[in-house]
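Here is a short report on two helices and how their ends are built. Look at the model first, then read on.

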Amino acid sequence: MKPLSLLIEILIILGVTIKTIEAEKHNKKQKERNVTTQVSVSEIKQYLSNILEQKKSINVINKKENLLEKKKNQHKLRIKGIQNKHLWKRSKNHLKKQTKKIFTDEGDRLFKMGIKILQQSKSRKQKAEAYKLFAKASDMGNLKAMEKMADALLFGNFGMQNITAAIQLYESLAKEGSYKAQNALGFLSSCGIGMEYNQAKALIYYTFGSAGGSMISQMILGYRYLSGISVLQNCEVALSHYKKVADYIADKLEKSAGVPVEKVRLTERPENLSSNSEILDWDIYQYYKFLAERGDVQIQVSLGQLHLTGRKGLDQDYYKALYYFLKAAKAGSANAMAFIGKMYLEGNVAAPQNNATAFKYFSMAANKGNAIGLHGLGLLYFYGKGVPVNYAEALKYFQKAAEKGWPNAQFQLGFMYYSGSGVWKDYKLAFKYFYLASQSGQPLAIYYLAKMYATGTGVLRSCRTAVELYKGVCELGHWAEKFLTAYFAYKNGDIDSSLVQYALLAEMGYEVAQSNSAFILESKKAKILEKEKMYPMALLLWNRAATQGNAFARVKIGDYHYYGYGTKKDYQAAATHYSIAAKKYHSAQAMFNLAYMYEHGLGIAKDVRLARRLYDMAAQTSPDAHIPVFFALTKLETVHLFRDILFFNQFTMRWKWMKLDNTLGPYWDLFVIGLIVAVLIFLLRNRYL
């Protein structure tokens, strides 16, 4: 039993061992499996952690990207908002510009309408309507309309004078670069009207005005440099300024006839002003019309000329001019035929430009030997109007007309020789014909003479002569129309308006305007200047007029020094000015005044013989001086006879002590003259009784 039990035990042990071995193997495998499982899990964990980290980083990146995107979106929105804002602003600006353009266009339209009405209207009421349009255009910012309104306020057009408002407008316009405003402010500063009297400031304004293109400023500066007013006298600078204005005027004159300048002197006696030769009185005009309708050919031609150019205070009216010329032409007037030809050559509303009709009427006049007709034919051949250009024919007709004394033909001959048109250039002959034409006041002839003197062409160069000639041409500018408006303002009692207009022309160097301004200031009727400033300003203007050769002004300066008006009493200065007026201009008034001063020894040594001689000279010079001289000499002889008698009297010493001045006062001589007049009247009455 023992071996069997041993075998069973061995088998049990083997079984247990095998199981143990298997179990160990199983455990080992399990361990290996577990290890493998552990490795892969850790790797997975690591991988997962990496993934998580990546996710985290991706999330962070995404967050950052989202944040950036958000910021970008916000930025875009902001930009879009800004763009929208800019767009809104642009739209707003565009609307503003559009509105401004509409306003500007409307302002321009109203301004042009106003100008058209001014050019076409004849009645005061229609012209007032034009200024209403200018006022509306000014409100819309139209600078040209504002300039018109400022001028109206300054010069008192249609009773609108308001110098303070005008200055405000000019100052705002000057900031916008308006040369007209610069010129106006310079003028007001120079005269002390509404502004402080300041010549330095005036010079600055004029300089800016001329730089901007103001012909008036150029002319004022030319006159200032010519006369040395607030600047050093400089002929060459004056020549430069005057030449610019003269070139402008000459260009206008070549295209059309110049503006007729009616210069009325207010210094003439008041009773003569109403019938002044420069202005045609309405009653006289009506009488001339009556004569013209009755068939007076000469009057018909004269009225036609007046209406053609708008002279003597009459409006320019081409229809009336043509009407009178046609009536005279039918009656056989060669002048009328020539003027009709001229109208058709130049063309206007009544006679449209027609070379064939012009040739017809010029030929009719030329066949009668009329100088204007001959000159007209010459023009047609010279410029080739309606006929081929033929300088030889033109020269022939111009020579025929020039021989008859027609100044325009003389000028054309001068121009042909000056420019070498159809003839050899000959400056000597050109100068000859220009000079002949200038003697009749032909403006273009004066211009070319000035040009020749300025450049020394065909004549010895003379700056002074050139300036004087250029000045004469410049004074034909459109601004000379103010002479007429200033005169009518004075005649109608609008003294302030008249003074401002004359003062501006005086500033430009017009001698007539200087004496007229001084005359108005002397009367003390103006209200735009303080009374204490009037005499000094008048004296200044009389001085400027006297420098330009006005004898009456020279006598006035003597009066101002004699009586102490606007300056201190100075008998010596008064005697000097009277002496200049007497010797240089043969003024009877100056001779009489100087004789009185010699008689009484005022400012000069007493000389009774010289006084008698001067009294006699005054009477010989002017018939108007006969009566005053008679009384002055009678008084002189009576007083001296009275003194000679008393000299030998026993009361001689007593007479010497008792002077007439102390007894009868400073005007004892007037008392004696009055006494003499009374005695003469008494004797004459007794003679005729």
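Contact here means heavy atoms within 4.5 Å. The model is a predicted one.

Start with α6. The buried residues of this helix pack against three others: α5 (179–191), α7 (215–227) and α22 (495–507). Those buried residues are Gln-199, Ala-202, Leu-203, Tyr-205, Tyr-206, Gly-209 and Ser-210. Viewed down the axis of α6, they fall within an arc of 165°, so they line one face of the helix. The face turned away from that buried side carries the exposed residues Ala-200, Phe-208 and Ala-211.

Now α3. Its buried residues include Ala-145, Met-146, Glu-147, Met-149 and Ala-150. Further along, Ala-152, Leu-153, Leu-154 and Phe-155 are buried too. The 13 residues of α3 should span 18 Å at 1.5 Å a residue, and the end C-alpha atoms are 18 Å apart, which agrees. For α6, the reach from first C-alpha to last is 20 Å, close to the 20 Å expected.

The table sets out both helices and their ends.

| Helix | Residues | N-terminal cap | Cap oxygen to backbone nitrogen | Residue after the helix |
|---|---|---|---|---|
| α3 | 143–155 | Asn-142 | 3.2 Å, to Lys-144 | Gly-156, phi about 75° |
| α6 | 199–212 | Asn-198 | 3.1 Å, to Ala-200 | Gly-213, phi near 115° |

In α3, the cap is made by a side-chain oxygen of Asn-142. In α6, a side-chain oxygen of Asn-198 does the capping. Gly-156 comes just after α3 and takes a positive phi. Gly-213 follows α6, and its phi is positive.

Terms used
Residues are numbered from 1 along each chain as its sequence is written. This is a predicted model: local features need pLDDT of at least 70, side-chain atom pairs count only at pLDDT 80 or more; totals for chains, interfaces and linings use all residues. Side-chain values use heavy atoms; hydrogens and water are left out. Helices (H or I, at least four residues) and strands (E, at least two) are DSSP runs, numbered from the N terminus. The expected span of a helix is 1.5 Å times one less than its number of residues. Buried means under 20% relative accessible area, exposed over 50%, partly exposed in between (1.4 Å probe, protein chains only). The arc is that of the directions from the helix axis to the C-beta atoms. A polar contact is a pair of N or O atoms within 3.5 Å; within protein, one must be able to donate a hydrogen and the other to accept it, and residues adjacent in sequence count only if both atoms are side-chain atoms.
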